[in-house]
Amino acid sequence: MSLNIEDVHKVARLARLAMTEQEAQAAHIQLANIFGLIADMQAVDTKGITPMSHAQDVSQRLREDVVTETNQRELFQSIASQVEAGLYLVPQVIE
Amino acid sequence: MLDSSLQQLGSALRARKISSVELTQLYLDRIAAFNPALNAYITTNAELSLAQARAADVLLAGGKAQALTGIPVAQKDIFCAKGWRTTCGSKMLENFIAPYDAHVIEQFNKAGAVNLGKTNMDEFAMGSSNETSYFGAVKNPWDQKAVPGGSSGGAACAVAARLCAAATGTDTGGSIRQPAALCGISGIKPTYGTVSRYGMIAFASSLDQAGPMARSAEDLALLLNVMTGFDSRDSTSLQRDKEDYARDLNKPLAGLRIGLPKEFFAEGLAQDVANCVHTAIAQYKQLGATVVDISLPNSKLAVPVYYVLAPAEASSNLSRFDGVRYGYRAPEYSDLTEMYEKSRAQGFGEEVKRRIMIGTYVLSHGYYDAYYLQAQKIRRLIAQDFADAFKQCDVIMGPTSPSTAFNLGEKGDDPVQMYLSDIYTIAVNLAGLPGMSIPAGFGSNGRPVGLQIIGNYFAEAQMLNVAHQYQLAIDWHTKQPNVI
């Protein structure tokens with residue numbers, strides 16, 4: 001399967017990465033090379049093989065539903081780019 | 001003092017022959033002198049380091065010292081350390097002061113070790129040369145025209161150049177072992193799940209694993225004793241009894257079966273690296289080991305599989321960087337979407353964006369089965385190859401990297417060539433096995449060569465024994481770059 005320039009723009013949009021036409025052209029060439037490398041695995045017969053997502057087959061642990069963290073709002077907000085009255089500021093989204 | 005083992009340093013500190021403040025200052029002075037050329041550290045903070053050293057001296061004076069109390073350790077800049085700038089090698093986190101400690105940092109703090117500074121790395125650990133760092137490339141102390149390897153390139157450089165007593169690294173596809181090999185030091189990536197990933201900035205969560213980097217296997221054992229341990233805040237942390245990784249160091253190697261995978265000695269391996277590895281194997285035979293020829297038939301698929309799985313996980317992990325709660329925000333934007341798109345485009349470097357693009361694509365509608373699921377299936381085949389191999393041998397050996405350190409800029413324009421430099425290390429991460437690299441001589445250009453040792457799950461103590469016995473017999477690990 002081959003990746004075209006429209007795919008590059010679409011993926012950049014999905015990934016929320018601003019990209020100029022020139023950057024997209026350069027990315028297109030490099031991504032095509034990388035997918036050339038990845039293509040080696042397409043021919044392998046994997047019928048009946050269970051996908052492996054983690055090295056150890058362990059199940060998700062559960063814990064008691066109790067509070068374990070303290071409120072550190074001020075500390076955490078001190079590293080945000082824009083904060084006001086304890087809230088994170090972003091451009092207006094609702095008219 | 002600079003050539004002392006961690007055990008010797010610990011003894012000297014406990015005997016009050018030197019104080020932790022003096023030792024820390026010694027390294028800070030060396031960093032001030034040599035870091036401008038080598039660029040191994042992104043951040044040092046003498047005030048914070050010396051405060052820890054003073055606290056360590058109190059413990060030492062009170063007879064409450066542990067093995068690493070008072071010893072200055074360099075921390076890879078991927079670990080959040082409270083009050084320390086933690087950049088992960090990225091413009092995105094250029095001004096990020098971590099509000100909490102990673103589990104690894106907590107463990108070192110509890111042990112009374114001193115955080116000497118944050119080491120340089122490829123941006124978000126994505127790279128094999130340390131050239132993708134926003135804070136500039138690190139130089140290889142053996143030859144400053146060469147890369148130190150990556151992504152833990154700053155850590156490897158700092159250990160080799162005696163700019164720390166020891167260091168931490170992380171390894172997603174070879175990021176501890178490859179720079180250890182290229183800088184002539186020792187490093188171990190333990191079994192996936194033995195060191196907590198809490199507070200370690202995530203790249204590919206199912207592969208990321210932290211480990212120590214130092215000058216000898218003996219030092220690695222002491223560091224691993226501190227770094228490992230169950231942590232409920234990492235959902236993949238394994239609940240196991242605490243073990244002493246130094247317990248088997250002095251066992252003789254008679255009867256050890258070393259597996260040599262034919263795929264690790266095929267086309268693509270530089271002759272000078274092959275020669276060093278074969279010499280090391282011959283030396284192991286003299287120490288009583290026997291050699292078994294094995295095959296890892298699917299290992300050639302490790303690089304393609306990795307470049308589906310790791311970017312897929314990265315694209316998800318790095319979606320948190322949106323310019324809202326922390327990290328870089330673009331100065332100008334007209335709406336929320338543009339704020340995200342510009343902040344991410346300006347805050348991430350080229351390699352990171354490339355991998356986010358790959359990951360987003362392979363996870364997108366219509367391609368998931370063909371790429372992600374297929375890669376996960378082959379991942380199991382790769383793990384099964386190792387399981388079969390370990391029926392015939394105790395450890396697997398081979399080269400860590402196909403060549404010695406390449407020159408800065410040499411592979412800059414070709415991501416595929418860069419990706420292939422991890423051809424022998426990636427399969428180990430996919431299987432979740434422990435892997436290490438120890439110095440095994442020098443290539444024809446005078447740059448270090450690493451011997452890779454791969455063990456079965458939880459065989460770290462055995463691997464450290466195998467490495468230590470070699471280091472008792474052969475002194476490659478004591479060589480140091482003469483420029484420093």
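## A starting point in chain B

Where is the place of B:R162 in chain B? In this predicted model, B:R162 sits in the loop between helix 5 and strand 4 (166–171) of chain B. Its phi is near 60°, a positive value in a residue other than glycine. Most residues other than glycine have a negative phi. B:R162 is partly exposed, with 19 other C-beta atoms within 10 Å.

Chain A offers a residue to set beside this one. Phi of A:R16 is near 55°, again a positive value in a residue other than glycine. You can find A:R16 in the loop between helix 1 and helix 2 of chain A. Is A:R16 buried or exposed? It has 21 other C-beta atoms within 10 Å, and 20 or more count as buried, so A:R16 is buried.

## A cis peptide bond

Now look at the backbone of chain B, where the peptide bond from B:G150 to B:S151 is cis, with omega near 10°. Most peptide bonds are trans. B:S151 belongs to the loop between strand 3 (114–119) and helix 5 (153–160) of chain B.

## Two domains in chain B

The domain assignment splits out domain 1 (6–249 + 472–478) and domain 2 (303–374) in chain B. Over C-alpha atoms, the centres of domain 1 and domain 2 of chain B are 28 Å apart. Where they touch, 20 residues of domain 1 of chain B are in contact with 17 residues of domain 2 of chain B. On the domain 1 side, the touching residues are 10 nonpolar, seven polar and three charged.

## Where the chains meet

How many residues does each chain bring to the contact? Chain A gives 41 residues and chain B gives 54 residues. On the side of chain A, the elements that supply two or more residues are helix 1 (5–14), helix 2 and helix 3 (73–77). Helix 2 of chain A makes the largest share of that side, with seven residues. By class, the side of chain A that touches chain B has 26 nonpolar, 11 polar and four charged residues.

## A pair of helices

Helix 2 (residues 21–38) of chain A packs against helix 11 (residues 350–363) of chain B at an angle of about 60°, and their axes are 11 Å apart. These two helices are therefore oblique to each other, and their crossing is right-handed. To see the meeting place, look for A:A27, A:Q30, A:L31 and A:I34 in helix 2 of chain A, which meet B:R354, B:M357 and B:I358 in helix 11 of chain B. The residues of this contact divide into five nonpolar, one polar and one charged.

Note on methods. Residues are numbered from 1 along each chain as its sequence is written. Chains are lettered from A and ligands numbered from 1 in the order in which they are written. This is a predicted model: local features need pLDDT of at least 70, side-chain atom pairs count only at pLDDT 80 or more; totals for chains, interfaces and linings use all residues. Domain bounds come from an automatic or database domain assignment. Two residues are in contact if their C-beta atoms, placed from the backbone, lie within 7 Å. Ala, Val, Leu, Ile, Met, Phe, Trp, Tyr, Cys and Pro count as nonpolar, Asp, Glu, Lys and Arg as charged, and the others, Gly among them, as polar. Axes are lines fitted to C-alpha atoms, for helices over the stretch in contact, and angles run from 0 to 180 degrees between N-to-C directions. Helices (H or I, at least four residues) and strands (E, at least two) are DSSP runs, numbered from the N terminus. Angles under 35 degrees count as roughly parallel, over 145 as roughly antiparallel, 65 to 115 as roughly perpendicular and the rest as oblique. A crossing is left-handed if the near helix is turned anticlockwise from the far one by less than a right angle, and right-handed if clockwise. A residue is buried if 20 or more other C-beta atoms lie within 10 Å of its own, exposed if 12 or fewer, and partly exposed in between; C-beta atoms are placed from the backbone.
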